[in-house]
Amino acid sequence: MKTQTVLITGASSGIGLGLTKGFLDAGYNVVANSRRVTSAGTLSPAPDLLLIDGDIAEPATAKMLIEQAERRFGRLDVLINNAGIFVPKPFVEYTPEDFHRVLSTNVHGFFHVTQEAIRHMQRNGGGQVLTITTTLAQQPVAGVTSALTSLTKGGLNAVTRELAIEYAAEGIRVNAIAPGIVDTPMHRPESHETLKKLHPIPRLASVQEIVDAALFLVRAPFITGEVLYVDGGAHAGKW
Ligand SMILES: NC(=O)c1ccc[n+]([C@@H]2O[C@H](COP(=O)([O-])OP(=O)(O)OC[C@H]3O[C@@H](n4cnc5c(N)ncnc54)[C@H](OP(=O)(O)O)[C@@H]3O)[C@@H](O)[C@H]2O)c1
């Protein structure tokens with residue numbers, strides 16, 4: 001019988017879709033969320049897979065996700081904050097709408113869902129939070145104009161360490177994965193040749209490499225407060 005349940009946001013596409021399949025294969029129950037996960041056509045409901053539509057920027061979505069996970073599977077053991085958007089522009093060209101949109105998903109979404117999840121984990125005596133950030137927050141690259149990514153994902157790397165310290169004694173581990181460029185629908189295939197050059201190991205990451213890192217962290221009981229770079233070495237320096 002399955003005993004562990006994971007909630008994955010942004011599950012309809014790319015990394016979140018790979019995480020959903022990978023955790024199901026690894027024997028977890030999965031609660032998969034995105035704004036349109038039930039109609040995206042990428043996942044079908046199953047006894048061990050609950051699909052829930054909802055915008056994570058809304059506090060009501062966070063409450064609903066945790067309640068539904070508890071009702072269907074009894075408890076929530078792991079939250080993976082994966083949903084995120086990328087709006088690359090020169091800093092001075094960002095509009096107030098861009099700023100609001102990126103903060104809504106990347107920061108408000110993290111805040112509401114993580115707060116509800118940690119409250120639940122406190123009641124249940126432990127759990128884990130894993131957040132997908134980006135290596136660009138640590139290692140900006142000339143020509144890759146991504147200030148709103150650095151502003152939001154950099155904050156998520158910092159709060160990962162803060163929450164790890166705040167909740168370690170309560171049995172709640174908090175980690176992040178900072179990928180380089182991953183081969184997902186976020187990037188047009190025509191851009192891949194250029195994007196490969198953003199890594200010292202000159203290729204894109206596969207979704208499976210992010211899934212493998214997530215499974216490693218979730219199964220590593222003495223690791224917390226870690227930001228694990230899966231970026232072909234990009235965070236290490238210049239190349
Ligand atoms: N791909 C990369 O190169 C790369 C590199 C570094 C970090 N990352 C990070 O990895 C994560 C996943 O990226 P990806 O490439 O897999 O992206 P993707 O293929 O564009 O998928 C994004 C997912 O997030 C969902 N989503 C977006 N806004 C949402 C919201 N407000 N509420 C709920 N769900 C929402 C989307 O579904 P709906 O449209 O149905 O909501 C979709 O399932 C992001 O946080 C991204 O920043 C990606």
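Is helix α1 largely enclosed by the rest of the structure or exposed, and how many of its 12 residues are buried? Keep that question in mind while the whole chain is on screen, and bear in mind throughout that this is a predicted model.

**The whole chain**

Start with the C-alpha trace, which spans about 45 × 40 × 35 Å along its principal axes. A compact globule of 239 residues would have a radius of gyration near 18 Å, and the 17 Å of this chain agrees with that expectation. Colour by secondary structure next, and 6 helices and 7 strands appear, arranged along the sequence in the pattern β-α-β-β-α-β-α-β-α-β-α-α-β. If you then colour by burial, 42% of the 239 residues count as buried. Contacts that reach far along the sequence are well represented, since, taking those between residues at least 6 apart, 67% join residues at least 24 apart.**Helix α1**

Now select residues 14-25, which make up helix α1. Its 12 residues should span 16 Å at 1.5 Å a residue, and the 17 Å between its end C-alpha atoms agrees with this. To answer the opening question, 9 of the 12 residues are buried, so α1 is largely enclosed by the rest of the structure. The buried residues are Gly-14, Ile-15, Gly-16, Leu-17, Gly-18, Leu-19, Thr-20, Gly-22 and Phe-23. To see what covers them, display strands β1 (5-9), β2 (29-34), β4 (78-81) and β5 (127-132) together with helix α6 (207-218), which are among the covering elements. Following α1 along the chain, pick out Gly-27, whose phi is positive, near 100°.

Within the helix, centre the view on Leu-17. Leu-17 counts as buried because 24 other C-beta atoms lie within 10 Å, where 20 or more are required. Once its neighbours within four places in sequence are set aside, Leu-17 is in contact with Ala-11, Ser-12 and Thr-42. The last of these contacts, Thr-42, is 25 residues from Leu-17 in sequence, yet the two C-alpha atoms are 7.7 Å apart in space.

**The shell around the ligand**

Keep α1 displayed and select the residues around the ligand, of which there are 33, with Gly-10, Gly-14, Ser-34, Arg-35 and Gly-84 coming nearest. The elements that give two or more residues to this shell are α1, β2 and α3 (96-124), and the most, 3 residues, come from α1. Coloured by residue class, the shell divides into 15 nonpolar, 15 polar and 3 charged residues.

**Along helix α3**

Move next to helix α3 and select two of its residues, His-100 and Val-102. Which of them is buried and which is exposed? His-100 counts as exposed, because it has 11 C-beta neighbours inside 10 Å, whereas Val-102 is buried, with 21 other C-beta atoms within 10 Å. Around Val-102, leaving out residues up to four places away in sequence, look for Ile-85, Val-87, Leu-148 and Thr-152, which Val-102 touches.

Two distances can be drawn from here. The C-alpha atoms of His-100 and Val-113 are separated by 18 Å, with their positions 13 residues apart along the chain. From Val-102 to Gly-126, 24 residues apart along the chain, the C-alpha separation is 30 Å.

**The nonpolar core**

Staying with α3 in view, select the largest nonpolar core, a set of 60 residues in which Leu-7, Ile-80, Ala-117, Leu-130, Ile-177, Ile-210 and Ala-214 have the most contacts. The largest share of this core, 7 residues, is given by α6. Zoom in on Ala-117 and, ignoring its neighbours within four places in sequence, display its contacts, which are Leu-7, Ile-66, Leu-76, Leu-79 and Val-129; among these, Leu-7 is also listed with Ala-117 as one of the residues with the most contacts inside the core.

**The loop before α6**

Finish at Leu-198, which is found in the loop between α5 (192-196) and α6. Is this loop residue buried or exposed? Leu-198 is buried, as 20 other C-beta atoms lie within 10 Å, and a count of 20 or more is what burial requires. Its contacts, leaving aside neighbours within four places in sequence, are Val-141, Val-144, Gly-180, Ile-181 and Ala-234. As a last step, draw the C-alpha to C-alpha line from Leu-198 to Ile-165, two residues that are 33 apart in sequence and 32 Å apart in space.

Note on methods. Residues numbered from 1 in each chain as written. Predicted model: local features only at pLDDT ≥ 70, side-chain atom pairs only at ≥ 80, totals over all residues. Helix = DSSP H or I, 4+ residues; strand = E, 2+ residues; numbered from the N terminus. Expected span 1.5 Å × (residues − 1). Contact = placed C-beta atoms within 7 Å. Near = placed C-beta within 6 Å. Nonpolar A, V, L, I, M, F, W, Y, C, P; charged D, E, K, R; others polar. Rg over C-alpha atoms; globule rule 2.2 N^0.38 Å. Core = buried A, V, L, I, M, F, W, Y, C linked by C-beta atoms within 7 Å.
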